[in-house]
Amino acid sequence: MRYWEDFEIGAIERYGAYEVTEAEIVEFATAYDPLPFHVDPEAAKDSPYGALTAPGLLTCAIFMRLLVDHLLLDAASLGSPGVDSVRWTQPVYAGDTLSVRQEALSKRVLESRPEMGLIKNRFEVLNQNDELVCEIASNGLFRRRESPGAPA
C-alpha cells in the first residue's frame, strides 16, 4: 500500500502499454464525440489528420485506466480535488500504444484534514515513439500513514 509519505518530489515513473483500437475509437466517439474524423475512417482520410483519430477524452480515459492499474488500486488514494489542466498535443491513432510518464511536483499535508495529503503531479501520455500526445496537471489526495486520526 502506498501512502502520501511514499511519494518523492521529482520522482519520475514510467508505466503502461495500451494499444488503442479502431473499434474503441469508433465506439467511444459514437457515444460521446461523433465528429466525422472520430467515427468514419473514410471521412477521416479527408480531415487534417489523414486518418481516424481518438477523441481527447478517450485519451484521458485510457490514461486514467493506466494510472489506476499502476498506482491507485494499491495506494491509499482518496480521490482528486480536480485537474488543473489538460492539453492534447497531437492526435492519437488506431494502433498507437500509449504509456504514461508521471512526475510528482509538490506535496503538502492538508491543514483542515491532517490525516491526508495532497500531491500535485504532471502526467505525460506518450505514444510508441515517445511522442507527447497529452499532458495533464492533476492533484491527488492520499491517506497519510502517520497522522492524527489515521486508522491503526
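This passage describes charged and aromatic side chains in a predicted model, beginning with salt bridges and ending with a buried glutamate.

The structure contains 11 salt bridges, among them one between Arg2 and Glu13, in which the closest N and O atoms are 2.8 Å apart. Because Arg2 belongs to the segment that precedes strand β1 (12-19) while Glu13 is part of that strand, this pair ties together parts of the chain that are 11 residues apart in sequence. Arg2 itself is partly exposed, its relative accessible area being 22%. The charged end of Arg2 also sits over the ring of Phe7, at 4.3 Å from the centre of that ring, and Arg2 is therefore described both by its salt bridge with Glu13 and by its position relative to an aromatic side chain, given that a charge is taken to sit over a ring within 6 Å of the ring centre and within 35 degrees of the ring normal.

A salt bridge with a different setting joins Glu42 to Lys45, with 3.0 Å between the closest N and O atoms. Both residues lie in helix α3 (residues 41-45), and because they are 3 residues apart there, about one helical turn separates them. Lys45 has a relative accessibility of 49% and thus counts as partly exposed, since the exposed class begins over 50%.

In the salt bridge between Lys120 and Asp84, the closest N and O atoms are 3.3 Å apart. This pair links distant parts of the chain, as Lys120 is located in strand β4 (residues 116-126) and Asp84 in strand β2 (residues 82-88), 36 residues away. Lys120 is partly exposed, with 31% relative accessible area.

Aromatic side chains were considered next. The structure holds 4 aromatic pairs. In addition, the charged end of Lys107 is placed over the ring of Trp4, 4.3 Å from the ring centre.

Glu24, a residue of helix α1 (residues 22-32), presents a further case, being buried but without a salt bridge. The nearest side chain of opposite charge is that of Arg65, which lies 10 Å away; because a salt bridge requires a side-chain nitrogen of Lys or Arg within 4 Å of a carboxyl oxygen, a pairing of Glu24 with Arg65 does not qualify. The side chain of Glu24 instead makes a polar contact of 2.7 Å with the side chain of Tyr18. When residues up to four places away in sequence are left aside, Glu24 touches Tyr18, Glu19 and Leu58.

Methods
Residues are numbered from 1 along each chain as its sequence is written. This is a predicted model: local features need pLDDT of at least 70, side-chain atom pairs count only at pLDDT 80 or more; totals for chains, interfaces and linings use all residues. Side-chain values use heavy atoms; hydrogens and water are left out. Helices (H or I, at least four residues) and strands (E, at least two) are DSSP runs, numbered from the N terminus. Buried means under 20% relative accessible area, exposed over 50%, partly exposed in between (1.4 Å probe, protein chains only). Rings of Phe, Tyr and Trp (its six-membered ring) pair if their centres lie within 6.5 Å; planes under 30 degrees apart count as stacked, over 60 as edge-to-face and the rest as tilted. Lys and Arg count as positive and Asp and Glu as negative; His and the chain ends are not counted. A polar contact is a pair of N or O atoms within 3.5 Å; within protein, one must be able to donate a hydrogen and the other to accept it, and residues adjacent in sequence count only if both atoms are side-chain atoms. Contact means heavy atoms within 4.5 Å.
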